[in-house]
Amino acid sequence: MNLPLIIRAEEHNEKTAIAATNGAFTYRDLLHTSSQIATSLLQNTEDLQEQRVAFLIPPGFEYVATQWGIWRAGGIAVPLCVSHPRPELEYVITNSGASIIVAHPTFEDILRSLPPQASLAQEHNLRFILTSETLPHNISRLPEIDITRRALILYTSGTTGKPKGVVTTHENIQAQVTSLSTAWEWTSNDRILHILPLHHIHGIINVLTCALWAGAECHILSKFDAETVWKRICDGDLTLFMAVPTIYVKLITAWETASKERQQIMSEGCAKIRLMVSGSAALPVQVLEKWQTISGHFLLERYGMTEIGMALSNPLHGERLAGYVGKPLPQVEVRLVDENGDLVPTGTPGEIQVKGPGVFLEYWQNPEATAKAFQNGWFRTGDTAVIENGNYRILGRMSVDIIKTGGYKVSALEIEEVLRSHPDIQECAVVGVADLEWGERVCAALVLQGSQPLTLEAFRSWAKERLAVYKVPTQILIVEELPRNAMGKVIKPTVVELFCSN
Ligand code: AMP
């Protein structure tokens with residue numbers, strides 16, 4: 001039996017699947033090219049039998065055809081991050097035990113120069129394939145892939161220790177995708193602009209795979225650029241847009257610097273879109289409000305994680321609440337528990353735990369970490385939330401955002417939300433730093449608006465009026481910019497280090 005994703009694609013043969021800078025490609029093109037790639041990967045064997053295939057290809061048709069080719073040949077796809085430096089690439093290739101690397105010619109030099117690769121190549125017969133190589137004419141018979149087989153390994157940007165390989169099966173991916181398709185009513189008439197990295201769940205599942213599952217069109221930009229995104233929005237043909245909060249901030253800045261006439265055209269372009277989504281990091285309420293005045297869209301915020309897919313979402317229809325991530329998505333069970341694993345009463349913060357067919361299979365070759373990640377069959381997300389009026393509000397990661405200070409547990413995200421309303425503060429990151437007297441001290445790294453000087457005394461009295469005494473940052477660091485990962489998310493452990501080195 002073929003994978004359901006492939007069977008569904010056959011129904012849309014002549015429809016456009018992918019539009020990219022080098023042209024538009026139909027579902028037929030995608031099916032044909034991916035079968036050629038699968039043939040080339042198989043090289044006279046019948047099935048890759050879950051061999052890991054790492055690939056480093058810029059966003060576009062070749063990326064998608066390679067991902068499908070790996071799946072159709074029975075391999076596990078291991079997408080590499082185009083912006084990662086050598087050590088990170090090397091780590092993922094070695095940790096996943098990849099036996100084949102597929103690379104776009106632009107990345108040939110960096111990949112061939114990886115130190116362990118020469119030895120890996122000799123010891124393990126590591127194959128290196130360039131996307132510029134001619135693909136075979138005669139297609140091999142492709143194996144039947146059971147959906148319970150492993151499909152994908154994504155490396156988590158993890159807040160502690162080395163990244164772990166999150167393994168999902170075809171069945172997990174299917175559950176993640178059908179849950180979102182139902183909740184957000186994807187159809188083959190949809191057209192989405194893809195501007196997210198393709199080594200991360202948001203770009204791979206929520207945008208790319210959901211679009212292809214629905215028979216929709218996925219318009220891929222090779223990299224994010226605010227002007228190009230606005231131009232595409234102004235074209236007026238998109239129905240969906242999904243991004244992380246930092247991207248909305250960049251789009252807002254670009255809108256603000258445009259002429260009045262252009263601003264009107266930009267806003268009118270947004271009106272043609274049926275749904276705009278934000279996730280992967282907390283969406284500041286100010287950003288949500290600003291975006292609403294610009295675009296008329298009340299962003300749909302959702303919560304999810306590489307290990308579980310999407311778990312919570314504001315509704316497509318009905319009231320969305322600013323600062324909340326809504327309710328559990330279809331097929332997803334969510335509960336909040338205390339340190340002992342007991343359910344917390346409504347209104348009390350607890351750890352988010354998740355169960356359902358979308359939850360990943362395992363951490364790659366790390367049974368210890370896998371076992372630790374579950375409690376009685378529930379995945380422990382490590383995130384804290386509280387339910388208010390039936391909706392979940394995220395308080396942050398237990399490891400870095402929940403600060404234990406003077407006997408209180410305070411949420412860094414809540415303090416950040418207040419600090420951002422200060423007129424001179426552009427961005428901020430609040431962290432706890434170990435302290436003998438307080439347990440942890442509340443510290444804030446601030447990026448200032450323009451060149452405004454900020455007097456600390458005035459800032460403190462402003463903060464005291466708005467925050468309880470134990471939430472007012474006791475140490476403040478003015479920084480040029482906040483450290484961020486490839487997804488644009490602030491790296492809190494690095495912020496903690498900034499305080500400790502000061
Ligand atoms: P990743 O696995 O890279 O997608 O990161 C998942 C983490 O991002 C979660 O564990 C949360 O800490 C955070 N996250 C995702 N969505 C949200 C959201 N809407 N609000 C706050 N944090 C979020």
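How far apart do the C-alpha centres of domain 1 and domain 2 lie? The distance is 42 Å. Domain 1 covers residues 4-134 and domain 2 covers residues 402-499, with bounds that come from an automatic or database domain assignment.

This is a predicted model, in which local features need pLDDT of at least 70 and side-chain atom pairs count only at pLDDT 80 or more, while totals for chains, interfaces and linings use all residues. Residues are numbered from 1 along each chain as its sequence is written, and side-chain values use heavy atoms, with hydrogens and water left out.

**Ala216**

Ala216 sits in the loop between helix 8 (201-214) and strand 10 (217-220). Helices (H or I, at least four residues) and strands (E, at least two) are DSSP runs, numbered from the N terminus. The relative accessible area of Ala216 is 0%, so the residue is buried; buried means under 20% relative accessible area, exposed over 50%, and partly exposed in between (1.4 Å probe, protein chains only). Leaving aside residues up to four places away in sequence, the contacts of Ala216 include Lys15, Tyr27, Trp186 and Asp190, a contact being heavy atoms within 4.5 Å. Ile192 is 24 residues from Ala216 along the chain, and their C-alpha atoms are separated by 7.9 Å.

**Positive phi**

Most residues other than glycine have a negative phi, and most peptide bonds are trans. Two non-glycine residues with positive phi are listed below.

| Residue | Phi | Loop | Relative accessibility |
|---|---|---|---|
| Glu185 | about 55° | between helix 7 (170-184) and strand 9 (191-194) | 40%, partly exposed |
| Asn389 | about 50° | between strand 20 (378-388) and strand 21 (391-397) | 74%, exposed |

**Strands 16 and 17**

Strand 16 (residues 333-337) has four of its five residues buried. Strand 16 runs antiparallel to strand 17 (residues 350-355), and five bridges join the two; strands count as paired if DSSP finds at least two bridges between them. Within this pairing, Leu336 of strand 16 stands opposite Ile352 in strand 17.

**Cysteines**

A disulfide is a covalent bond between the sulfur atoms of two cysteines. With a disulfide taken as a pair of cysteine sulfur atoms within 2.5 Å, the count is zero. Why is Cys81 without such a bond? The closest cysteine sulfur, in Cys218, is 18 Å from that of Cys81, which is too far for a bond. Cys234 is likewise in no disulfide, and the nearest cysteine sulfur, that of Cys270, is 7.6 Å away. Cys81 is buried, at 4% relative accessibility.
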